[in-house]
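I opened my notebook to look at how a protein and its DNA partners sit together. Come along and follow what I looked up.

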There are 2 protein chains.
Amino acid sequence: MSAPKPIEGRLAEIAMAARELIAERGFEGLRTRDIAARVGINVATLHYHVPTKEALIRIVAQSLRSDFIAQSQARPRQGLSPVEVLKLEFADFRETMTEAPERYIVMAELSDRAERDAAIAAEIRPMQAYWRRMTADIIVEGRDKGVFRADVDPEAAAMMVIGTLSMSFWHARDDLEFFDRACAELLRALMVRPSKD
Amino acid sequence: MSAPKPIEGRLAEIAMAARELIAERGFEGLRTRDIAARVGINVATLHYHVPTKEALIRIVAQSLRSDFIAQSQARPRQGLSPVEVLKLEFADFRETMTEAPERYIVMAELSDRAERDAAIAAEIRPMQAYWRRMTADIIVEGRDKGVFRADVDPEAAAMMVIGTLSMSFWHARDDLEFFDRACAELLRALMVRPSKD
DNA sequence: CTGTCTCTCAATCAATTGATTGATGGAAAC
DNA sequence: GTTTCCATCAATCAATTGATTGAGAGACAG
């Protein structure tokens, strides 16, 4: 992941307000007036900083990407075993899910729009690709060290992990105990188990 | 799943046109004028059949639910082993993914909106719950018959299966070979493996 | 033939909404 | 002190868009 230009000042305020509103009302409910009101500025001032709504959405995507990178780099992983790293991923996801769910909600919303907007796709796809590759790398290491199944398909398993986490976000945001069960199931699905009897 | 009222005639045409447009342009791009144009009727005629846009969306959700039930009931499963049933699920998903992807795209779009619209949620949630429960049931049977891991958590594993399929839909729609790898990984994750001597 | 019911449309409304304009205040530059 | 540039706002525009109105065509019953 190359470093995108950081968003700061008024632009950052605008991006955050937009993110909040997208999380609250969805993309179709996003109105430039509401963003301006939340920032506390005039609509014209908003358009002074961000010429069009399209540009605004791109800025939101960049802002999200910055957060993602920051969170990713804030994780110390040296010296941890693959299982521990994976558990760290789960804990990280769980924390964001409960304390900053807006991030995943907006992410999903943008991911959706990326299907039809190349500029959004350019910001979003790298994040998703990075997440998948990072997860696959963990699985490769675990397999090579003999803690994960020898017949595991790292890329496919990475998609399994991410898909399970994403799905859990929508269906278990209010049921953390179930989220933990899903994570435990993922580990059991990946790890080498003691032979029967 | 109780049977919803079937949509037919002009209403069915309208629902299908709306589904196509939602799949093409997303929810925010849905315009009553466009729907009317695609059906080949006047906007006023559209509003004669469907009073408000909200009602229209509800009809789309019902239409989707009908399809879902029809597809679900068209599957003969008697006499099949849990593994075979699960493989049938995968094949079914794969077929819809390639031949009627619009169904899943609209489903995702509605699922999103269900977060903020109780009427949509009432149509969508039962489908999702049904899918999860049905999958969990398959896993329970497989576990009890000794083909799936004894320590499997059926509900969590069902979420894993569905999450993986859903994620595959977005990231592997153009790469069926990878979709198959994901399905194979799911099976390996669930099945009892020969003990490593 | 008349009345009624269903379905349709052209024309129009009213509200929303992204974007622009022209002006103002203040800080830095010269 | 004057000029220049940045940020801001009130007011307004122009287009979009969901919805309504009033009229008409066709089928069918009596």
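Before counting anything by helix, I noted what a helix label stands for: helices are DSSP runs of H or I with at least four residues, numbered from the N terminus. I also wrote at the top of the page that this is a predicted model.

**Entry 1: DNA strand C**

I began with a simple question: which helix gives the largest share of the surface near DNA strand C? The answer is H3(B), with four residues. I then checked which helices supply at least two residues each, and found helix H2 (32-39) and H3 of chain A together with H3 of chain B.

Next I listed the neighbours. There are 16 residues around DNA strand C, and A:Arg31, A:Arg33, B:Arg10, B:Asn42 and B:His49 come nearest. Of the strand's atoms that come within 4 Å of the protein, 57% belong to sugar and phosphate. Sorted by class, the surface near DNA strand C has five nonpolar, seven polar and four charged residues.

Then I looked up single atom pairs. The side chain of A:Arg33 has an N or O atom 2.7 Å from a base nitrogen of DNA strand C. For B:His49, a polar side-chain atom lies 2.4 Å from a phosphate oxygen of DNA strand C. With A:Lys53 I had to look at the backbone, where a polar atom is 2.9 Å from a phosphate oxygen of DNA strand C.

**Entry 2: DNA strand D**

I turned to the other strand and asked which residues come nearest to DNA strand D. They are A:Arg10, A:Asn42, A:His49, B:Arg31 and B:Arg33, out of 16 residues around the strand. Here sugar and phosphate make up 58% of the strand's atoms within 4 Å of the protein.

For this strand, H3(A) provides the largest share of the nearby surface, with four residues. Helix H3 (43-49) of chain A, plus helix H2 (32-39) and helix H3 (43-49) of chain B, each give at least two residues. My tally for the surface near DNA strand D reads five nonpolar, seven polar and four charged.

I noted three phosphate contacts as well. An N or O atom in the side chain of A:Thr45 is 2.8 Å from a phosphate oxygen of DNA strand D. A:Tyr48 places a polar side-chain atom 2.9 Å from a phosphate oxygen of DNA strand D. B:Lys53 has a polar backbone atom 2.9 Å from a phosphate oxygen of DNA strand D.

**Entry 3: the two domains of chain A**

Finally I left the DNA and looked inside chain A, which is divided into domain 1 (1-63) and domain 2 (75-197). Their C-alpha centres lie 28 Å apart. How many residues are in contact between these domains? I found 13 in domain 1 of chain A and 14 in domain 2 of chain A.

Together the two domains of chain A bury about 1,300 Å², with 69% of that on carbon and sulfur atoms. I counted two salt bridges between these domains. One of the salt bridges I looked up joins the side chains of A:Arg113 and A:Glu54, at 2.9 Å from N to O.

On the side of domain 1 of chain A that touches domain 2 of chain A, helix H1 (10-25) and helix H4 (53-73) each supply at least two residues. H4(A) gives the most, with six residues. By class, that side has eight nonpolar, two polar and three charged residues.

Key:
Residues are numbered from 1 along each chain as its sequence is written. Chains are lettered from A and ligands numbered from 1 in the order in which they are written. This is a predicted model: local features need pLDDT of at least 70, side-chain atom pairs count only at pLDDT 80 or more; totals for chains, interfaces and linings use all residues. Side-chain values use heavy atoms; hydrogens and water are left out. A residue is near a molecule or strand if one of its heavy atoms lies within 4 Å of it. A polar contact is a pair of N or O atoms within 3.5 Å; within protein, one must be able to donate a hydrogen and the other to accept it, and residues adjacent in sequence count only if both atoms are side-chain atoms. Ala, Val, Leu, Ile, Met, Phe, Trp, Tyr, Cys and Pro count as nonpolar, Asp, Glu, Lys and Arg as charged, and the others, Gly among them, as polar. Domain bounds come from an automatic or database domain assignment. Contact means heavy atoms within 4.5 Å. Buried area is the accessible area (1.4 Å probe) that two parts lose on being put together, summed over both. A salt bridge is a side-chain nitrogen of Lys or Arg within 4 Å of a carboxyl oxygen of Asp or Glu.
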